[in-house]
Amino acid sequence: MSHNTIDLNKQRQPLDHLESVWLFGYGSLIYKADFPYLKRKPACIYGWQRRFWQGSHDHRGTPEAPGRVLTLIEAPGARCAGMAYQVTPDTFEHLDHREKNGYLRVFTQLHWLDEPGETEGLVYLASADNEAYLGPDSDEAIAAHIAQSEGPSGPNSEYLLKLAQALRDMNEHDEHVFAIERELLKLINR
Ligand code: SIN
């Protein structure tokens, strides 16, 4: 699968017939909402975990030296907390462009964190068959990779540090994210 998913997302999942759509963000979409939205609510999804296994050619790295950003990996029993946004379908013009580096939209069930209840929503997933996928590595190696990467959206380290802070602000613990953050801070403070 090509790593530019703009056309693929449009073709496989037209949204124009809907009045509004919930989008679940688990990475930069938690702390960088650069799009208009109707509502914003903390939420979680089950059966998925965050992993710094996706390459970034366009935001936190370059095609020659990709950065490392998040995707979701299926994990039965896992819980992943993030931020949900209710948006109008035209917002996906911007979102599909922003998430074009290997991410496909899929519908999943979102559970609210601030009140009982759930709804269906979209999440951007970068699966192992996209060209920008990097896959697993040790926390130390991922942190070292992040420490040296930079792209048009800024340093890769900023992506990790802002995400970790956003999770703390939500009182959410994600051991994968926090372990890599600890390794990154060791490198920065060395
Ligand atoms: C997301 O935040 O939900 C997708 C991955 C990213 O853009 O960091």
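Student: What makes up the lining of the second largest pocket?

Tutor: Keep in mind that this is a predicted model. That pocket is lined by Lys 10, Gln 13, Pro 14, Leu 15, Asp 16, Pro 89, Asp 90, Phe 92, Glu 93, Asp 96 and Arg 105. A residue counts as lining if it has an atom within 4 Å of a pocket point, and that is why these names are on the list.

Student: How do those residues divide by class?

Tutor: You get 4 nonpolar, 1 polar and 6 charged. Helix H3 gives the largest share of this lining, 3 residues, and the volume comes to about 170 Å³.

Student: And what is the volume of the largest pocket?

Tutor: About 320 Å³. Its lining has 25 residues, with Ser 28, His 59, Arg 98, Glu 99 and Tyr 159 nearest the centre. By class, there are 9 nonpolar, 10 polar and 6 charged residues in that lining.

Student: Which elements each supply at least two residues of it?

Tutor: Strand E1 (21-25), helix H2 (28-31), strand E2 (39-56), strand E3 (67-87) and helix H3 (92-98).

Student: Which residues are around the ligand?

Tutor: Phe 24, Gly 25, Tyr 26, Gly 27, Ser 28, Leu 29, Glu 99, Tyr 103 and Tyr 159. To get on that list, a residue needs a heavy atom within 4 Å of the ligand.

Student: What makes the pairing of Tyr 159 and the ligand a polar contact?

Tutor: A polar side-chain atom of Tyr 159 lies 2.5 Å from a ligand oxygen atom. The cut-off is a pair of N or O atoms within 3.5 Å, so this pair counts as a polar contact. Glu 99 passes too, because one of its polar side-chain atoms is 2.9 Å from a ligand oxygen. With Tyr 26 it's a backbone N or O atom, 3.0 Å from an oxygen of the ligand, so that pair also makes the cut.

Student: Tyr 159 is in helix H5, too. How do you know that the span of H5 is close to the expected one?

Tutor: H5 (residues 156-169) has 14 residues and reaches 20 Å from first C-alpha to last, against 20 Å expected at 1.5 Å a residue. Its buried residues are Asn 156, Ser 157, Tyr 159, Leu 160, Leu 163, Ala 164, Ala 166 and Leu 167.

Student: What stands out about phi just after H5?

Tutor: Asn 171 takes a positive phi of about 60 degrees there, and this is a residue other than glycine. Asn 171 sits in the loop between H5 and helix H6 (175-188).

Student: Why is Asn 171 called exposed?

Tutor: Its relative accessible area is 72%. Exposed means over 50%, so Asn 171 gets that label.

Student: Why is Cys 44 called buried, then?

Tutor: Cys 44, found in strand E2, has a relative accessible area of 2%. That falls under the 20% limit, so Cys 44 is buried.

Student: What makes Tyr 133 partly exposed?

Tutor: Tyr 133 comes in at 21% relative accessibility. Buried needs under 20% and exposed needs over 50%, so Tyr 133 goes in between.

Student: Where is Tyr 133?

Tutor: In the loop between strand E5 (118-125) and helix H4 (139-148). Tyr 133 and Gly 102 are 31 residues apart along the chain, with their C-alpha atoms separated by 7.6 Å.

Key. Residues are numbered from 1 along each chain as its sequence is written. This is a predicted model: local features need pLDDT of at least 70, side-chain atom pairs count only at pLDDT 80 or more; totals for chains, interfaces and linings use all residues. Side-chain values use heavy atoms; hydrogens and water are left out. Helices (H or I, at least four residues) and strands (E, at least two) are DSSP runs, numbered from the N terminus. The expected span of a helix is 1.5 Å times one less than its number of residues. Buried means under 20% relative accessible area, exposed over 50%, partly exposed in between (1.4 Å probe, protein chains only). On a 1 Å grid over the protein atoms alone, a cavity is a set of points where a 1.4 Å probe fits but cannot get out, and a pocket is an open set with protein on both sides within 12 Å along at least five of seven lines; lining residues have an atom within 4 Å of a point. Grid points are joined across faces, edges and corners, and a volume is the space filled by probe spheres set on the points. Ala, Val, Leu, Ile, Met, Phe, Trp, Tyr, Cys and Pro count as nonpolar, Asp, Glu, Lys and Arg as charged, and the others, Gly among them, as polar. A polar contact is a pair of N or O atoms within 3.5 Å; within protein, one must be able to donate a hydrogen and the other to accept it, and residues adjacent in sequence count only if both atoms are side-chain atoms.
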